[in-house]
Amino acid sequence: FRVPAVSEDQAREALLRYVESKWRYSSKPARNLTFRQLQPIIVYRYRLETFTETRTSSWNFEVYNGQPVDGAQFGDCPPPWEVSLPAPQMFTDKVETRRVPHSSIVKACHICSGCGRMRCNSCAGRGKRSCGMCNGKGYQTSPRNYNRPSTTRTCYSCNGRGRKRCTSCQGQGSITCSVCHGHQKLMHFIQLTVTWKNNVSHFIPDRQPDFPDQKFEKVSGEAFFRDENLLVYPLQGFPDLELCDVSSRLIHEHLQRFSSTSRILQQRQTIELVPLTQARYQYKDKDYSFFVYGVENKVLVSQYPSACLLL
């Protein structure tokens, strides 16, 4: 196979794009450097994807105002895994909720016991609250002044009664139930939550100590190998034995982790060749280097010949 590499023109263009994004760097060295060597490096990226479906169910409810009730009179309530749902496109995440057939039942609201109203918490059901201006006394006392004694007068806010009508319940002592909204009844049903998730594990052999592996996570590679099935088998006979061992280990881990709680719908394992080239060059009789990586020709520079400094 062909090891992905870049030409001198591509390497220079990639470096110029990188330099232009850094305001401290001058583009002069990138334009006038002399390449000494472009060394392509073989980098494999192995990825295992396990597409799973998980189902959970729980009781839920909604306000009942006369809508049709799909209850036990229409048949038995099916188990979660027998509810028919179309799966989304393979290896794409999605969450969907669905009402389980024949699981609905109508009951009186558990908050207001079917009354449609509940006690007002602001006035504790009394319909009136203590006046905030006089603190429930019915009168207000003015402070004593140096030339006049303190005086007492009837509170103008409550007219001397010490209490005012509760504004939360308009003096009724109760408010509309916040759960059934005054309809008195709720329809309970079993809600099914289906989660489709693409679980991904990837591995890149650490063959270049001067280049951080995490940089590969944000770039693309060239497709080299692809295997997709309900369950895939570990790699065999691949030139890089480390990838064979990793494939066997990750497949075993995915089966142990996901088969006990979810249904495995499909698996896919791929190997990509991620372009990585180390460019060595000279500028003003000094040696430097940088990396060009990914199909996008991104650049990693550890040391650059010149930087613009603000004095």
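# Worked exercises on a predicted protein chain

Ser248 is partly exposed, with a relative accessible area of 36%. Keep in mind throughout that this is a predicted model.

## Exercise 1: Placing Ser248

**Task.** Find the helix that holds Ser248, and work out how far Ser248 lies from Gly114 in space.

**Solution.**
- Step 1. Start with the secondary structure: Ser248 belongs to helix α3, which covers residues 241-258.
- Step 2. Check the accessibility class. Partly exposed is the range between the 20% and 50% cut-offs, and Ser248 has a value of 36%.
- Step 3. Now take the C-alpha atoms of Ser248 and Gly114: they are 60 Å apart, with the two positions 134 residues apart in sequence terms.

## Exercise 2: A second residue of the helix

**Task.** Decide whether His254 is buried or exposed, and list the residues it touches beyond four places in sequence.

**Solution.**
- Step 1. His254 also has its place in helix α3.
- Step 2. Its relative accessibility is 0%, so His254 counts as buried.
- Step 3. Leaving out residues up to four places away, His254 touches Leu48, Thr50, Asn199, Ser201, Ser259 and Gln267.

## Exercise 3: The overall form

**Task.** Compare the radius of gyration of the protein chain with the value from the globule rule, then describe the box and the surface.

**Solution.**
- Step 1. Count the elements: the protein chain contains three helices and 16 strands.
- Step 2. For 311 residues the globule rule gives 19 Å, while the radius of gyration is 36 Å, well over that value; the chain is therefore more spread out than a compact globule.
- Step 3. Along the principal axes, the C-alpha atoms fill a box of roughly 95 × 80 × 30 Å.
- Step 4. Buried residues make up 37% of the 311.
- Step 5. The exposed area is about 19,100 Å², and carbon and sulfur atoms supply 47% of it.
- Step 6. Turn to the contacts with a separation of 6 or more: 78% of them involve residues 24 or more positions apart.

## Exercise 4: Charges

**Task.** Say how many positive and negative side chains the protein chain has, and how far apart the centres of the two sets lie.

**Solution.**
- Step 1. The counts are 42 positive and 27 negative side chains.
- Step 2. The centres of these two sets are 24 Å apart.

## Exercise 5: Strands β14, β15 and β16

**Task.** Trace how β14 pairs with β15 and how β15 pairs with β16, and pick out the residues with positive phi in the turns.

**Solution.**
- Step 1. Strands β14 (residues 276-283) and β15 (residues 286-293) run antiparallel and are joined by eight bridges. Within this pairing, Gln282 faces Asp287 in β15.
- Step 2. Two residues separate the strands of this hairpin, and Lys284 there has a positive phi near 55°. That sign occurs here in a residue other than glycine.
- Step 3. Lys284 is exposed, at 65% relative accessible area.
- Step 4. Move on to β15 and β16 (residues 298-301): they too run antiparallel, with four bridges. Phe290 stands opposite Val301 in β16.
- Step 5. Four residues lie between the strands of this hairpin, and Gly294 in the turn shows a positive phi of about 80°.

## Exercise 6: Positive phi in another loop

**Task.** Where does His102 lie, and what is its phi?

**Solution.**
- Step 1. His102 sits in the loop between β3 (94-99) and β4 (105-108).
- Step 2. Its phi is positive, about 65°, although His102 is not a glycine.
- Step 3. With a relative accessible area of 23%, His102 is partly exposed.

## Exercise 7: Two strand residues

**Task.** Classify Glu272 and Arg119 as buried or exposed, and describe their surroundings.

**Solution.**
- Step 1. Glu272 lies in strand β13 (residues 263-273). Its relative accessible area is 15%, which makes Glu272 buried.
- Step 2. Apart from residues up to four places away, Glu272 touches several others, including Val43, Tyr44, Arg45 and Phe224. The C-alpha atoms of Glu272 and Val43 are separated by 8.2 Å, although 229 residues apart along the chain.
- Step 3. Arg119 has its place in strand β5 (residues 117-119). At 55% relative accessible area, Arg119 is exposed.
- Step 4. With the same sequence limit of four places, Arg119 touches Ala124, Gly125, Gly173 and Ser174.
- Step 5. Finally, the C-alpha atoms of Arg119 and Cys244 are 68 Å apart, and the two residues are 125 positions apart along the chain.

Note on methods. Residues numbered from 1 in each chain as written. Predicted model: local features only at pLDDT ≥ 70, side-chain atom pairs only at ≥ 80, totals over all residues. Heavy atoms only, no water. Rg over C-alpha atoms; globule rule 2.2 N^0.38 Å. Buried < 20%, exposed > 50% of the residue type's maximum accessible area, 1.4 Å probe, protein only. Contact = heavy atoms within 4.5 Å. Areas by Shrake-Rupley, 256 points an atom, 1.4 Å probe, with all protein chains shown as cover. Lys, Arg positive; Asp, Glu negative; His and termini not counted. Charge placed at Lys NZ, Arg CZ, Asp CG, Glu CD. Pairing = 2+ DSSP bridges.
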